[in-house]
Amino acid sequence: MLHWSLIVSALGVCVSALGGYCGWVLFPSMVHKKVEQSVIIADGSEQYKRFVNLPQPLNFKVYIFNVTNPDRIQQGAIPIVEEIGPYVYKQFRQKKVKHFSRDGSKISYVQNVHFDFDADASAPYTQDDRIVALNMHMNAFLQVFEREITDIFQGFANRLNSRLNQTPGVRVLKRLMERIRGKRKSVLQISENDPGLALLLVHLNANLKAVFNDPRSMFVQTSVREYLFDGVRFCINPQGIAKAICNQIKESGSKTIREQSDGSLAFSFFGHKNGSGHDVYEVHTGKGDAMRVLEIQKLDDSHNLQVWLNASTEGETSVCNQINGTDASAYPPFRQRGDSMYIFSADICRSVQLFYQSDIQYQGIPGYRYSIGENFINDIGPEHDNECFCVDKLANVIKRKNGCLYAGALDLTTCLDAPVILTLPHMLGASNEYRKMIRGLKPDAKKHQTFVDVQSLTGTPLQGGKRVQFNMFLKSINRITITENLPTVLMPAIWVEEGIQLNSEMVAFFKKKLINSLKTLNIVHWGTLCGGIGVAVLGLLYYIYQRGRVEEPPVK
């Protein structure tokens, strides 16, 4: 008959095996299934409510580059800037759901965004602070004017040269003339000396005052409130040619320029974002594949963008025009160390890849940190198989011979319909070709790198932010008097951080719903495993001890 200690030991082994099975098989399967159920967006579910109204507002911080030597810049000096801020806003997002797909795997919505100034978080800065900043709307107008005039005359020259080249007698005459007189003057050069163009430029110079409120330089003195949201007004009561110019600006359809009730125009960086949205998103609900939850399927009924260059003349979609990932309000669950994920940002018209960096702890919640890689704006060009980002829309600026900008800068002209250049804050990691032309920049990877901390199991963002800077080339434009002495520099305007820090209420909710449950299951797992092993070992030792005593011979 088995000794009771062996039975106890066997029971210990069973309990230990049960603990191992629960901890490594049953519990993970249960948790995986529970997480899958919790992240899927189904009509009326808790996740649906969180999807429609984010549980807490995002933090939207704006830093402005105040220009300290505007008059000297007009005479050709290197710009000196001073960062002021942050000006902190609470960004509230609410989705207006249009419909679910028939199988429930897709949901379409329009997102409304509202900004509230957070005076406490911004102190000592206020929205009434006065600044001297780049006159974005005037600079954009002049550069677009320059580009379009060049395109008009270039097209004319190409058409005329094509017709001349189709005439055999003219081709022979052109060759003879080139041999006799050296390099022939181009039709474009002749066109630029056209009296009509000269007259147009005279009128433009004369009417800049009426259009842009009598500017003394390429910089504007205004308030933070006007520059960011309310709008810097111009085209106030224009007459004659000035009115025609204002009408042209209004009809260009720029999102950053809005018509006021009195007929004037106003430029602001974010005024157009404050209110009802227009873009229609279709995202995956996670039904059938939780790993795809919130993955953007369509934007305005299209699977791809039509912003960047495409891969071929047949219109094959390039990597630049692909829409990948989520909108960064949440991420797919079940993250793994060493993996990567995508976010899509409509503000810069592109998808951005984030790479795993390290394990983190946020207020007792474990997670993974992800950040952007070199392929964001540093590694761009034909040598990196993404030359589709090189739209080459800017004339006479600091760029490479192949039309691409130098490392650390991305031309957003085709995205924003304005000659805006994207960099990281303070031109972090940007080529010295740009940084050497500005004084006052202080790049710091800890302050200026984009990152996000994600709870690995659910994909919930814990903290982090998208950090980008908006710039514009400042340069002399041929025959535009106000620009004639300007240096050619990449001029910073503002940089923004859009992100989240899970508040104490959400941390407590998250711990209660997930972390504490995981801890309990972990205790059960290791308690039964180690307890069972301990009981088994003790039972076995006791059996060996008792058996030794029985076999011991009696003392005589």
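This passage walks through the nonpolar cores, the cavities, two threonines and some backbone oddities of a predicted model.

The nonpolar interior makes a handy starting point. The largest nonpolar core holds 122 residues, and the members that touch the most others are Tyr-227, Trp-308 and Phe-470. Strand E18, covering residues 489-501, supplies the largest share of this core, with seven residues. Another core sits apart from it and has eight residues, including Ile-360, Leu-462, Met-506 and Val-507. Going back to Phe-470, and setting aside neighbours within four places in sequence, its contacts include Pro-492, Ala-493, Ile-494 and Val-496. Phe-470 is also in contact with Phe-269, Ile-348, Leu-412, Val-420, Ile-421 and Leu-422.

As for empty space, searching the whole structure turns up three cavities of 30 Å³ or more. The largest comes in at about 90 Å³. It is lined by 14 residues, and Phe-389, Cys-390, Cys-404, Leu-405 and Asp-411 are the closest to its centre. That lining breaks down into nine nonpolar residues, one polar and four charged. The second largest cavity has a volume of about 50 Å³. Its lining brings together Gln-143, Glu-146 and Arg-147 with Lys-393, Leu-394, Ala-395 and Lys-475. Here the split is two nonpolar, one polar and four charged.

Two loop threonines are worth a look side by side. Thr-326 belongs to the loop that runs between strand E10 (296-299) and strand E11 (340-345). With a relative accessible area of just 2%, under the 20% cut-off, Thr-326 counts as buried. Its side chain has polar partners in the backbone: a polar side-chain atom of Thr-326 lies 3.2 Å from the backbone nitrogen of Ala-328, and the Thr-326 side chain reaches the backbone oxygen of Ala-330 at 2.7 Å. Leaving out residues up to four places away in sequence, Thr-326 touches Val-293, Leu-294, Glu-295 and Ile-296, along with Tyr-331, Pro-332, Tyr-342, Ile-343 and Phe-344.

Thr-460, for its part, is in the loop between strand E16 (451-454) and strand E17 (461-474). Its relative accessible area is 23%, so Thr-460 is classed as partly exposed. The side chain of Thr-460 makes a polar contact of 2.8 Å with the side chain of Thr-458. Beyond residues up to four places away in sequence, Thr-460 touches Asp-453, Val-454, Gln-455 and Phe-510. Tyr-331, one of the residues touched by Thr-326, turns up here as well: the C-alpha atoms of Tyr-331 and Thr-460 are 6.3 Å apart, although 129 residues separate them along the chain.

That leaves the backbone. A cis peptide bond links Gly-85 to Pro-86, with omega about 20 degrees, and Pro-86 is part of strand E2, residues 81-100. Another cis bond joins Ala-123 and Pro-124, with omega about 10 degrees; Pro-124 falls in the loop between helix H4 (119-122) and strand E4 (130-134). Positive phi values in residues other than glycine also crop up. For His-426, phi is near 55 degrees, and this residue lies in the loop between strand E15 (420-423) and helix H12 (432-435). For Arg-479, phi is near 70 degrees, and the residue is placed in the loop between E17 and E18. His-426 is buried, at 4% relative accessibility, whereas Arg-479 is partly exposed, with a relative accessible area of 34%.

Methods:
Residues numbered from 1 in each chain as written. Predicted model: local features only at pLDDT ≥ 70, side-chain atom pairs only at ≥ 80, totals over all residues. Heavy atoms only, no water. 1 Å grid on protein atoms, 1.4 Å probe; cavity = no way out; pocket = protein on both sides within 12 Å on 5 of 7 lines; lining within 4 Å. Points joined across faces, edges and corners; volume = space filled by probe spheres on them. Nonpolar A, V, L, I, M, F, W, Y, C, P; charged D, E, K, R; others polar. Helix = DSSP H or I, 4+ residues; strand = E, 2+ residues; numbered from the N terminus. Buried < 20%, exposed > 50% of the residue type's maximum accessible area, 1.4 Å probe, protein only. Polar contact = N/O pair within 3.5 Å; in protein donor to acceptor, adjacent residues only side chain to side chain. Contact = heavy atoms within 4.5 Å. Core = buried A, V, L, I, M, F, W, Y, C linked by side-chain atoms within 4.5 Å.
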